[in-house]
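Look at the sequence and the 3D structure below. This report walks through the helices, the core and a few single residues.

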Amino acid sequence: MSDDQASIKRNVLALSLMTLSYGAFQGIYQTIVPLAMDHQGFTKTTIGLMLAVPGIIVICLGAPLARLANGRWRRETLTSCFVLAGIACLLYSTASRPLDFIAPQLLFGLSSTAFWSNMVASSLRLAKDPRKIQAIVTSVQGVGAFGGPLLGGYLSIYSFSYGFFAGLFCAAIGLVASRLLSRAVAIEPRVGIRDFFIGAYV
């Protein structure tokens, strides 16, 4: 097996593991967080507001975070996504008031927005046949998206903490997998902070 073939296989494995683990993490939390809020007696309006918090990140930072995929730090960005997901898990596990959920929800929004935009770019640029890689990664994502909510719902029967730590385990798997990716090559020049954020919209 040539070095090129070995690199492609390693990248496919890394992308698959990351997509599986993040899809499962996202499924677990989108299921268990509102259940935990309801269990703690939050009103339906409060639960809705808390679940809308990640959308703030998508609106404000979606385009700039997607632009990170064009730089040489794509692998580091994906690694950071799992670090943020892990921190969010720990914060979720100790939250008991509506205000306690704001920080982990913001971290979840930041992590998920950056992850999916950079994951798509990685799957398109790290292989000679991106359509085949997209098919594999999308199928694996479906497994995580299917299994995550089932696992989250099941674990919540016993303890919400079990679900939160299952998410932490998924984040750890994704973190390790992200380090298997080949280093990215920048496809656009470096820009300043102002151009990075404002230039993403104009």
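A polar contact is a pair of N or O atoms within 3.5 Å; within protein, one must be able to donate a hydrogen and the other to accept it, and residues adjacent in sequence count only if both atoms are side-chain atoms. Serine 159 shows such a pairing: a side-chain oxygen lies 3.1 Å from the backbone nitrogen of serine 161, and serine 159 thereby caps the N-terminal end of α6.

This is a predicted model, in which local features need pLDDT of at least 70, side-chain atom pairs count only at pLDDT 80 or more, and totals for chains, interfaces and linings use all residues. Residues are numbered from 1 along each chain as its sequence is written, and side-chain values use heavy atoms, with hydrogens and water left out.

**The chain as a whole**

The protein chain has 7 helices and 0 strands. Helices (H or I, at least four residues) and strands (E, at least two) are DSSP runs, numbered from the N terminus. Of the 202 residues, 45% are buried. Buried means under 20% relative accessible area, exposed over 50%, and partly exposed in between (1.4 Å probe, protein chains only). Contact means heavy atoms within 4.5 Å. Among contacts between residues at least 6 apart in sequence, 87% join residues at least 24 apart.

**The core**

A nonpolar core is a set of buried Ala, Val, Leu, Ile, Met, Phe, Trp, Tyr and Cys residues joined through side-chain atoms within 4.5 Å. The largest one holds 45 residues, and Met18, Tyr29 and Phe115 touch the most other members. Two or more residues come from each of α1 (3–39), α2 (44–67), α3 (74–94), α4 (102–125), α5 (130–158) and α6 (160–178). The most come from α1, which gives 13. Tyrosine 29 touches Gly163, Phe164, Phe165, Gly167 and Leu168, among others, not counting residues up to four places away in sequence.

**Two helices**

The expected span of a helix is 1.5 Å times one less than its number of residues.

| Helix | Residues | Expected span | C-alpha end to end |
|---|---|---|---|
| α2 | 24 residues | 34 Å | 36 Å |
| α6 | 19 residues | 27 Å | 27 Å |

Where does α2 kink? A kink of about 70° lies at leucine 61, shortly before proline 64. The bend at a residue is the angle between axes fitted to the seven residues ending there and the seven starting there. Buried residues of α2 include Pro54, Ile57 and Pro64.

In α6, the buried residues include Phe160, Gly163, Phe164, Gly167 and Ser178. The buried residues of α6 cover an arc of only 155° around the axis, which puts them on the same side of the helix. The arc is that of the directions from the helix axis to the C-beta atoms. On the other side of α6, Phe169 and Val176 are exposed.

**Three single residues**

Threonine 77 lies in α3. Is threonine 77 buried or exposed? Threonine 77 is buried, with a relative accessible area of 11%. Leaving aside neighbours within four places in sequence, threonine 77 is in contact with Leu68, Ala114 and Asn118.

Glycine 109 belongs to α4. At 1% relative accessibility, glycine 109 is buried. With the neighbours within four places in sequence left aside, glycine 109 is in contact with Pro54 and Ile57.

Isoleucine 173 sits in α6. With a relative accessible area of 32%, isoleucine 173 is partly exposed. Its C-alpha atom is 8.7 Å from that of phenylalanine 82, 91 residues apart along the chain.
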